[in-house]
Structures are given as structure tokens and as C-alpha cells.
Amino acid sequence: MGVSVALHAAARCDPLNEPVVLVERSHMGAGSSGRSGAIVHAAYSDRVLAGMARDSLKQYTHITTHTGRSVGYRRTGVLFLPGQSEEEQAGYQADLEMQSALGIDADEVGAEEIRGLVSGIEVPDDAVGIWQPDGGFLDPGRTIETFAKLARARGATTRAGVTEPHVIVKDSRVTGVETSQGYIEAEHVVLATGAWTRVLVGELGVEWPLRVLRTEEHFLEMPPIEPIEEEEMDLGGGHETRFLPDPLESLPVAHPVLIDRGNCFYLRCDPPRGRSRVGRLGFANLPELAGPLGPAEAATEEFSSWAREAVVTRMPVYGDLEDLGSNASHISVTPDGRGIVGQVPSIKGLWVVTGFSGLDYTLAPSIGEGLVQMIEGRPVAAFDPEFFSPKRFD
Ligand SMILES: Cc1cc2nc3c(=O)[nH]c(=O)nc-3n(C[C@H](O)[C@H](O)[C@H](O)COP(=O)(O)OP(=O)(O)OC[C@H]3O[C@@H](n4cnc5c(N)ncnc54)[C@H](O)[C@@H]3O)c2cc1C
């Protein structure tokens with residue numbers, strides 16, 4: 001979120017008169033963004049989120065041709081398998097209509113098509129799924145690095161390893177940020193501090209119902225892939241080097257992203273590491289944490305065995321593949337599952353973007369764009385500002 005805001009702000013600001021400075025306490029990607037599954041798609045049930053995700057996908061799709069840099073966007077397609085509850089079965093039809101009206105490419109598919117899309121999947125003959133061909137996943141580290149580089153290319157400064165940054169507020173107005181590397185005077189300060197935000201705004205007397213939840217992923221060996229014929233691997237000879245495909249965007253995957261609502265898991269290949277990542281859908285059973293988790297935490301054994309079992313039920317091929325470790329991290333959530341984007345009502349010039357409940361990569365380009373429109377006092381075209389307004393928690 002921070003690098004997206006910096007990127008969009010730098011595009012609008014004069015680097016000499018209105019410099020954009022991104023201050024990171026640790027290193028870029030030190031928070032949950034560095035440990036994310038980074039699945040992106042636009043097949044949401046909520047109209048606002050679906051429209052934003054659609055626009056973000058466009059930005060991710062075109063970033064290489066527009067800038068020469070890649071975010072490792074692997075458009076594998078995303079297959080959704082709705083749960084069996086009456087509500088879900090009725091809901092997906094209405095979702096498809098809404099998504100189609102927004103120009104999102106998503107189609108209903110039957111059992112035969114599902115088996116053709118995901119080799120080795122087990123579904124009953126009356127199964128239905130939703131196929132979104134534009135969805136896939138990003139390389140999280142590459143995305144953060146690319147956004148930061150583009151922000152710098154537009155004149156922003158990024159400073160990592162800045163300890164103890166403190167927002168300075170005088171007479172209910174932000175004046176700057178005090179850091180270990182000196183004072184940064186600022187008319188506007190944006191807190192894109194993920195799960196750390198609750199404490200930071202709390203110190204300024206703001207109480208928002210932000211919660212930090214523990215999330216886990218288990219890693220399984222990626223199933224073997226049919227070798228690609230050499231003539232299919234043409235890397236576009238004769239093109240400018242900057243338009244050659246990034247290996248992160250062209251490494252083969254064993255199958256598309258699978259979002260199985262009935263069995264409550266998501267599964268996506270992670271080809272650079274030869275593994276697949278499995279996570280649990282929904283927040284209902286996630287344990288609440290007092291604060292963000294440190295790096296290199298593993299998932300519980302209970303989670304790992306649940307993840308393996310859930311995946312093998314749908315994709316038996318994983319039954320013969322090795323466990324390749326796990327990861328625990330955190331997400332920041334609000335009671336209604338929407339993020340917070342806007343100015344802290346009691347402090348002029350202090351802005352916040354957080355609490356996106358696990359949709360952060362999907363929404364980051366739109367959030368960065370819209371927040372900058374808000375700060376400049378322009379009409380917000382990137383999303384409906386009321387939807388994310390912190391005022392709903394007054
Ligand atoms: C396992 C897992 C899977 C996920 N899967 C997906 C997915 O498939 N799709 C998706 O869209 N999202 C997904 N998410 C959600 C998402 O990736 C993250 O929650 C999101 O990236 C958070 O972004 P952020 O920038 O708000 O926070 P963070 O990435 O946590 O960044 C906050 C940064 O602020 C810094 N910081 C904190 N305090 C200060 C301070 N005082 N001064 C300066 N810097 C400070 C931290 O060091 C950190 O680098 C997933 C998350 C997890 C954990």
C-alpha cells in the first residue's frame with residue numbers, strides 16, 4: 001500500500017517543491033506484503049471491490065509495456081468453486097451478471113470444462129464453477145520493488161531502516177515526521193502501516209475497530225508439468241529488451257489458481273520456488289493477535305495437516321507430493337471487511353490506508369490512485385470514497 005501511494009503521489013508532485021518521501025521502519029516488504037499469496041482477480045460479489053479490482057488488474061497487465069518493469073503477474077486464470085449452501089448457489093449467478101455489467105470477464109463453467117482447465121481435479125458431474133481468465137497472481141517481492149523503483153523514477157525518495165518514526169501533530173494538524181535520520185516536514189502524512197496502524201493511531205487518540213488476525217499458508221511441492229516444446233518458448237526475438245517476458249511471468253505452472261469455497265481453501269502455484277501455496281478462506285476462525293507477527297513464523301501442525309487434506313480431496317495428485325514448509329503472518333481487518341482510506345477526522349493532514357482484510361494486492365493500485373485524488377481535493381474517480389471512509393466508525 002505504501003509503495004502504491006508513493007508511486008501515485010510522485011506522479012502528481014513536483015520533486016523539488018512537494019517531494020514525496022516514503023519512510024520504512026525496516027525493509028520494503030517487511031510486513032505481511034512480503035509473505036502474501038498475492039492472488040489477484042476481479043470476481044468479487046461487492047460491486048465497488050469488483051470495479052476496483054478490474055482497474056487494478058489493468059494496471060498490473062500493462063505495467064511492463066508502459067514502464068518496462070514487471071510485477072511478475074502470472075495470468076493463470078482463477079477457478080472458483082462455490083460452496084453448496086443455497087445462499088452461495090443463488091449468489092454467484094447475480095455476481096456474474098454484475099461483473100459482466102462492469103466489463104469483467106468471468107464465465108460459468110461445467111464439470112467437463114473444469115476438468116479441462118485444471119488437470120487432475122475431482123468434481124462431481126453436476127459441478128459448476130466460475131472461471132476468470134484474467135486472474136492469477138503477482139510476485140509479491142517483485143511488485144513492491146517495481147512500485148518503489150517507479151516511485152523513485154518519478155522523483156520520490158524511499159528511506160528504509162528508519163527507526164522510531166513519529167508523526168508530529170500541532171493544533172490538530174500534521175506538521176511532519178520525526179525520524180532517526182532527522183525531521184521531515186510534511187503537510188500530509190499517510191500511514192500505510194498495515195497491522196501496526198491500530199497502535200500508531202491509538203497513540204494519537206484515535207480508536208478504530210481494527211483487528212490483527214493470524215493467517216497461515218502451507219507449502220506443497222508443485223505437481224510436475226508437461227515439458228514445453230522449444231518452438232513454443234519463443235521469447236520474442238527482435239523486440240526491445242525491455243519488452244522481453246520476465247521469467248517470473250513465463251515460468252510454467254501446474255494449474256490455474258483454485259478458490260474452493262466448499263472446502264474453504266485457496267491454492268496457487270509458486271513456480272520460482274517449485275511449490276504450491278495453500279491457505280484457508282474466510283476470517284471466522286482466525287485467531288486474533290495482540291500485534292503483528294515477527295518474520296519467519298511457521299504455521300501450526302494442525303493447520304498444515306488440514307491444508308494438505310483439503311487440497312488432496314480436490315486434487316489427489318498432491319497426495320504423493322512433499323510438504324515444503326509453511327508460513328504464518330497476519331492481516332489487518334475491520335468489522336465490515338472493508339479497508340479504511342481517508343483522513344483521520346480529528347487530525348488535518350493525517351491519512352490512513354489499512355484494514356483491507358486480505359485484498360491488498362488486488363486493490364493497491366486503485367487505493368494509491370484514489371487516495372492521492374483525495375489528498376489533492378480532486379473528485380475521487382478510483383473508488384467510492386464513502387465505501388472506505390473512517391467516519392463509519394465514529
Ligand atoms: C498469508 C497471506 C496471504 C495473503 N494473500 C493475499 C492475496 O492472495 N491477495 C491479496 O490481495 N492480498 C493477500 N494478503 C493480504 C496482503 O498481502 C497483506 O495483508 C497486505 O499486503 C498488507 O499490506 P500493507 O502495505 O497494508 O501492510 P504491510 O505489508 O504489513 O506493510 C506495512 C509496512 O509498514 C512498516 N511500518 C510499520 N510501522 C511503521 C512506522 N512507524 N514507520 C515506518 N514504517 C512502519 C512495516 O515495517 C511494513 O513494511 C495475504 C496476506 C497474508 C498474510
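A crossing of two helices is called left-handed if the near helix is turned anticlockwise from the far one by less than a right angle, and right-handed if it is turned clockwise. Helices here are DSSP runs of H or I with at least four residues, strands are runs of E with at least two, and both are numbered from the N terminus. The model is a predicted one, where local features need pLDDT of at least 70 and side-chain atom pairs count only at pLDDT 80 or more, while totals for chains, interfaces and linings use all residues. Residues are numbered from 1 along each chain as its sequence is written, and side-chain values use heavy atoms, with hydrogens and water left out.

Helix 2 (residues 47-67) passes helix 5 in just such a left-handed crossing. The two pack at about 45°, and their axes are 13 Å apart; axes are lines fitted to C-alpha atoms, for helices over the stretch in contact, with angles running from 0 to 180 degrees between N-to-C directions. Helix 2 and helix 5 are therefore oblique to each other (under 35 degrees counts as roughly parallel, over 145 as roughly antiparallel, 65 to 115 as roughly perpendicular, and the rest as oblique).

Helix 1 (residues 2-12) also meets helix 5 (residues 140-153), with axes that come within 8 Å and cross at roughly 25°. That makes this pair roughly parallel, and helix 1 passes helix 5 in a left-handed crossing.

Now for the ligand. Its shell holds 30 residues, and the closest are Glu-24, Ser-33, Ser-36, Ile-39 and Tyr-361; a residue is near the ligand if one of its heavy atoms lies within 4 Å of it. Strand 12 (211-221), strand 17 (323-333) and helix 9 (360-375) each supply at least two residues of this shell.

What about polar contacts, meaning pairs of N or O atoms within 3.5 Å? A backbone N or O atom of Met-1 sits 3.1 Å from an oxygen atom of the ligand, and one of Asp-360 lies 3.2 Å from a ligand oxygen atom. A polar backbone atom of Gly-358 is 2.9 Å from a nitrogen atom of the ligand. The protein covers 92% of the 1000 Å² of accessible area that the ligand has on its own (Shrake-Rupley method, 1.4 Å probe).

Technical notes. A polar contact is a pair of N or O atoms within 3.5 Å; within protein, one must be able to donate a hydrogen and the other to accept it, and residues adjacent in sequence count only if both atoms are side-chain atoms.
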